[in-house]
Amino acid sequence: TYELSTAVGVGPKAAQIVWKAVAPKMDNMFAMTYDFLGGWGTQTGHQTNLHATDRSWWGMGADVFINQMIEVGIPKEKLVLGAAFYGRGWEGSEFDGSLPSADLASEKGASFGSGEPGYFMYWDLRTNYSKEQGYEYGYDEESHAPFLWNAEKKVFISFEDKRSVKAKAEWAKQQGLAGVFTWELSGDPDDELTEVIHQVLSSKTAKN
């Protein structure tokens, strides 16, 4: 027995697909609800936040995109919510240390990262981007999105942690989605984030 699945996004391409014909043939559709922002542009903020707010760039949020996918005909019981085991960062940020806003910009994407400029694996952030290195942790409760801020270097990093993936797993369960997947497992070698998702999805009830 083989599984037939696909990655999915939003926009004109997704809207052009006749999902009523495609969905019955698919086992799961994996929603790429990450990389909302990155070092390819100066716009700075959350790159995989669960909820969109009035502070979100272009109203970006995993919940908004999931609902758009359902509206174009993707059945929610086959739709898998995406979580990111990595972060995106920027240098020369205008951030003021509070919460990112819709008009927040930076001079450039980060010139450093986990083997790739502006790209930070979760394990790397946990180990090498702490208060000792000048990074302050913040959490946007409305968006369910953590971030790191280095005021001296003017570096802002958006990422995922145990708190945010727990919120995603609980929300996916409440909405009746198929589950949660990640890009990518190598970012979480000690299974910290994976275990949180597993615990939520394997429990009999979800938090209301």
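Is phenylalanine 159 buried or exposed? Phenylalanine 159 is buried, with a relative accessible area of 6%. The legends below describe close-up views of a predicted model.

**Figure 1. Phenylalanine 159 and its aromatic partner, tyrosine 137.** The rings of tyrosine 137 and phenylalanine 159 form an edge-to-face pair, with 6.4 Å from centre to centre and 70° between the planes. The pair links distant parts of the chain, 22 residues apart: tyrosine 137 belongs to strand E7, while phenylalanine 159 lies in the loop between strand E9 (155–158) and H5. Whereas phenylalanine 159 is buried, tyrosine 137 is partly exposed, at a relative accessible area of 45%.

**Figure 2. The stacked pair of tyrosine 86 and tyrosine 119, and an aromatic cluster.** The whole structure contains 15 aromatic pairs. One of them is stacked and joins tyrosine 86 to tyrosine 119, with 4.7 Å from centre to centre and 20° between the planes. Tyrosine 86 is in strand E4 (residues 86–93) and tyrosine 119 in strand E6 (residues 119–121), so the pair ties together parts that lie 33 residues apart in sequence. Both rings belong to buried residues: tyrosine 86 has a relative accessibility of 2%, and tyrosine 119 has one of 9%. An aromatic cluster is formed by Trp90, Phe95, Phe147, Trp149 and Phe156.

**Figure 3. The buried side of helix H3.** Helix H3 spans residues 62–71, and its buried residues are Ala62, Asp63, Phe65, Ile66 and Met69. Around the axis they cover an arc of only 165°, which puts them on the same side of H3. Their packing partners are strand E1 (5–8), strand E2 (28–31), strand E3 (79–84) and helix H5 (162–175). After H3 comes glycine 73, which has a positive phi near 115°.

**Figure 4. The largest nonpolar core, and another core apart from it.** In soluble globular proteins, nonpolar side chains tend to be buried together. The largest nonpolar core of this model has 37 residues, and those with the most contacts inside it are Val8, Met29, Ile66, Met69, Leu79 and Leu81. Two or more residues come from each of E2, H3, E3, E8, H5 and H6. H5 gives the most, with five residues. Isoleucine 66, leaving aside residues up to four places away in sequence, touches Ala31, Thr33, Leu79, Leu81, Trp171 and Leu177. Another core, of nine residues, lies apart from the largest one and includes Leu125, Tyr135, Leu148 and Val155.

**Figure 5. The hairpin of E7 and E8.** Strands E7 and E8 pair in the antiparallel sense, over five bridges. Within this pairing, tyrosine 139 stands opposite proline 146 of E8. Four residues lie between the strands of the hairpin, where histidine 144 takes a positive phi near 55°.

**Figure 6. Salt bridges at arginine 126 and arginine 163.** Side chains of opposite charge can pair when their charged atoms come close. The model holds nine salt bridges. In one of them, arginine 126 meets aspartate 190 at 3.2 Å from N to O. These partners are 64 residues apart and link distant parts of the chain: arginine 126 is in helix H4 (residues 122–128), and aspartate 190 is in the loop between strand E10 (179–183) and helix H6 (192–202). Arginine 126 is partly exposed, with a relative accessible area of 33%. In another salt bridge, arginine 163 meets glutamate 141 at 3.4 Å from N to O. This pair links distant parts of the chain, 22 residues apart: arginine 163 is in helix H5, and glutamate 141 is in the loop between strand E7 (136–140) and strand E8 (145–150). Arginine 163 is partly exposed, with a relative accessible area of 41%, whereas glutamate 141 counts as exposed at 56% relative accessibility.

**Figure 7. A buried salt bridge and a salt-bridge network.** Glutamate 160 and lysine 168 form a salt bridge whose closest N and O atoms are 3.0 Å apart. Both of these residues, glutamate 160 and lysine 168, are buried. Arg55, Asp140 and Glu142 are joined into one network by salt bridges that share partners.

Note on methods:
Residues are numbered from 1 along each chain as its sequence is written. This is a predicted model: local features need pLDDT of at least 70, side-chain atom pairs count only at pLDDT 80 or more; totals for chains, interfaces and linings use all residues. Side-chain values use heavy atoms; hydrogens and water are left out. Buried means under 20% relative accessible area, exposed over 50%, partly exposed in between (1.4 Å probe, protein chains only). The arc is that of the directions from the helix axis to the C-beta atoms. Contact means heavy atoms within 4.5 Å. A salt bridge is a side-chain nitrogen of Lys or Arg within 4 Å of a carboxyl oxygen of Asp or Glu. A nonpolar core is a set of buried Ala, Val, Leu, Ile, Met, Phe, Trp, Tyr and Cys residues joined through side-chain atoms within 4.5 Å. Two strands pair if DSSP finds at least two bridges between them. Rings of Phe, Tyr and Trp (its six-membered ring) pair if their centres lie within 6.5 Å; planes under 30 degrees apart count as stacked, over 60 as edge-to-face and the rest as tilted.
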